[in-house]
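Colleague: I would like to learn how to read a helix packing, a buried side chain and a chain-wide summary from a set of coordinates. Could we go through them one at a time?

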Amino acid sequence: MEETITGIITSFGFSSIESFLALLVIVLAIIGAIIVVITFRPLMEYYPYTYPNSRVRAKIGKIFKEKQLTELTETDNLQEFKNYLRGYKDFAGLVDKYPIEQALDVNLAESYDLLDKIAPNDLKPTFDVMLHQWDIKNIKSILIAKEAKLNEEETRELLVPYGSLKDDLSKLIEADSVQDLIVALEGTPYAKVLEDALPDFNENKTLLTLESALDNYYYHRLLEKSANQTDENTRMLHSYVGTQVDIAAIKIILRAKADGLSYDQIKPYVIKRGYELRAWKLKEFMESEDMTSLLSSIESSEYGKVIIEAIPKYNQEGSITVFDEALDAYERKMADNMFKKRPFGVGPIIGFLYKKETEIKNLKIIARSKKGLAIPSSEIKEMLL
């Protein structure tokens, strides 16, 4: 090849020395191009995350620290709690516009909405699906409100004005029955989800049937849309949301077995297959005869270590909440590790998601503790995540 290139150069009337120098320049240019590609390829991978991560890191800086949460636990009542939040721009307008828990939900929804708008293109399909959680929450809240015979005002206080159904909430509230709600949802995927679950609901008369059908639809879509893994960042996000789906399934099965439910009773409420937990493994969990055999089965899964470490505390206290806490801690550690491992990629986005979710959960715990009889600050702190 070298002789061919030299011949081409010589044909233009260059001497041997000039040909050699020209060849050297070409070789160096090729080597330089290779070095540029190798050097800038990682930078090009991180470039789409530059703006999103700058926004996200600014948001992380505003999440309440331990000192602020402590000050909130020490407020004397709900009004004082709300006054404290009014001192922070992200909460001020919401606290005056909505009841406190609705205001906190709206703040969380705004965070997801922001991420959907600024997320790199490879992540956007996943965040598009995440916005559906507000549709699911609102439909479930309306179902619960109908069963509890709440009026329109009380029902609206349960809803979050986000998601694809935000402009149709009034129409949904007017539905007098599940069948009416299905009609009101016509043209959306939720109509078919509820319609398919309607026979079981008519037989057992429990809203859990409909709620689980909606949850399973959401989890399935979340796994499906995040499965398009083009690089380490998309693989990491898929792993994170997949783990959330697995943990949700494990929690449901743990509660069901603690209540002595059989496979047939549990099956309608659990997603058919998860991320690490394949269909056969979830079936094995649900077919466990009792709590002991279930724990043994989980021990042989990818989440075995988490469960094993919590068993002594479970044996001591006899409450499955110890497993919930252990699984939540595992998810929190996973998010923190991803934050550190991918600081210029998807890490800060995942870290912000979990930190924001945790902040809102803690604020709800404190808010609820301020509604009734006074609870000591030390006891409230023990309840925080």
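**Reading helices and burial**

Modeller: Let us begin with a single residue, Asp113, whose place is in helix 7. Please keep in mind throughout that this is a predicted model.

Colleague: Is Asp113 buried or exposed?

Modeller: The idea is to compare the relative accessible area with a cut-off, and under 20% a residue counts as buried. Asp113 has a relative accessible area of 18%, and is therefore buried. Once residues up to four places away in sequence are set aside, Asp113 touches Leu131 and Tyr162, and its C-alpha atom is separated by 8.9 Å from that of Gly163, although the two residues are 50 apart along the chain.

Colleague: How does helix 7 pack with helix 21, and at what angle?

Modeller: For a helix pair one reads the angle together with the separation of the axes, and an angle over 145 degrees counts as roughly antiparallel. Helix 7, residues 100–118, and helix 21, residues 347–369, pack at an angle of about 175° with axes 10 Å apart, which means that helix 7 is roughly antiparallel to helix 21. On the helix 7 side the meeting residues include Ile100, Leu104, Leu108, Tyr112 and Leu115, and on the helix 21 side they include Ile349, Phe352, Leu353, Ile360 and Leu363. By class, the residues of this contact divide into 11 nonpolar, 2 polar and 6 charged.

Colleague: At what angle do helix 15 and helix 20 pack?

Modeller: Helix 15, residues 232–258, and helix 20, residues 321–341, pack at about 175°, with their axes 10 Å apart, and these two helices are therefore roughly antiparallel to each other. Among the residues that make the contact are Met236, Tyr240, Ile247, Lys251 and Arg255 of helix 15, together with Phe323, Asp324, Leu327, Met334 and Met338 of helix 20. The contact of helix 15 with helix 20 has 11 nonpolar, 3 polar and 7 charged residues.

Colleague: Which residues is Asp324 in contact with, beyond its neighbours within four places in sequence?

Modeller: One lists the partners after leaving those neighbours aside, and for Asp324 the contacts are then with Lys251 and Arg255. Asp324 lies in helix 20, and because its relative accessibility is 12%, it counts as buried.

Colleague: Which side chain makes a polar contact with the side chain of His238?

Modeller: Here one looks at a distance between side chains, and the partner of His238 is the side chain of Ser226, at 2.7 Å. His238 is in helix 15 and is buried, with a relative accessible area of 8%. With neighbours within four places in sequence left aside, the residues in contact with His238 are Leu223, Ser226, Ala227, Gln229 and Tyr275.

Colleague: How does Asn202 count at 40% relative accessibility?

Modeller: Asn202, in helix 13, residues 189–204, counts as partly exposed because its relative accessibility is 40%. The C-alpha atoms of Asn202 and Val178, which are 24 residues apart along the chain, are separated by 9.9 Å.

Colleague: How many helices and strands are there in the protein?

Modeller: The protein has 22 helices and 0 strands, and buried residues make up 47% of its 385 residues. Of the contacts between residues at least 6 apart in sequence, 61% join residues at least 24 apart. Finally, the protein exposes about 20700 Å², of which carbon and sulfur atoms supply 55%.

How values were computed
Residues are numbered from 1 along each chain as its sequence is written. This is a predicted model: local features need pLDDT of at least 70, side-chain atom pairs count only at pLDDT 80 or more; totals for chains, interfaces and linings use all residues. Side-chain values use heavy atoms; hydrogens and water are left out. Axes are lines fitted to C-alpha atoms, for helices over the stretch in contact, and angles run from 0 to 180 degrees between N-to-C directions. Helices (H or I, at least four residues) and strands (E, at least two) are DSSP runs, numbered from the N terminus. Angles under 35 degrees count as roughly parallel, over 145 as roughly antiparallel, 65 to 115 as roughly perpendicular and the rest as oblique. Contact means heavy atoms within 4.5 Å. Ala, Val, Leu, Ile, Met, Phe, Trp, Tyr, Cys and Pro count as nonpolar, Asp, Glu, Lys and Arg as charged, and the others, Gly among them, as polar. Buried means under 20% relative accessible area, exposed over 50%, partly exposed in between (1.4 Å probe, protein chains only). A polar contact is a pair of N or O atoms within 3.5 Å; within protein, one must be able to donate a hydrogen and the other to accept it, and residues adjacent in sequence count only if both atoms are side-chain atoms. Accessible areas come from the Shrake-Rupley method with a 1.4 Å probe; for residues, only the protein chains shown count as cover.
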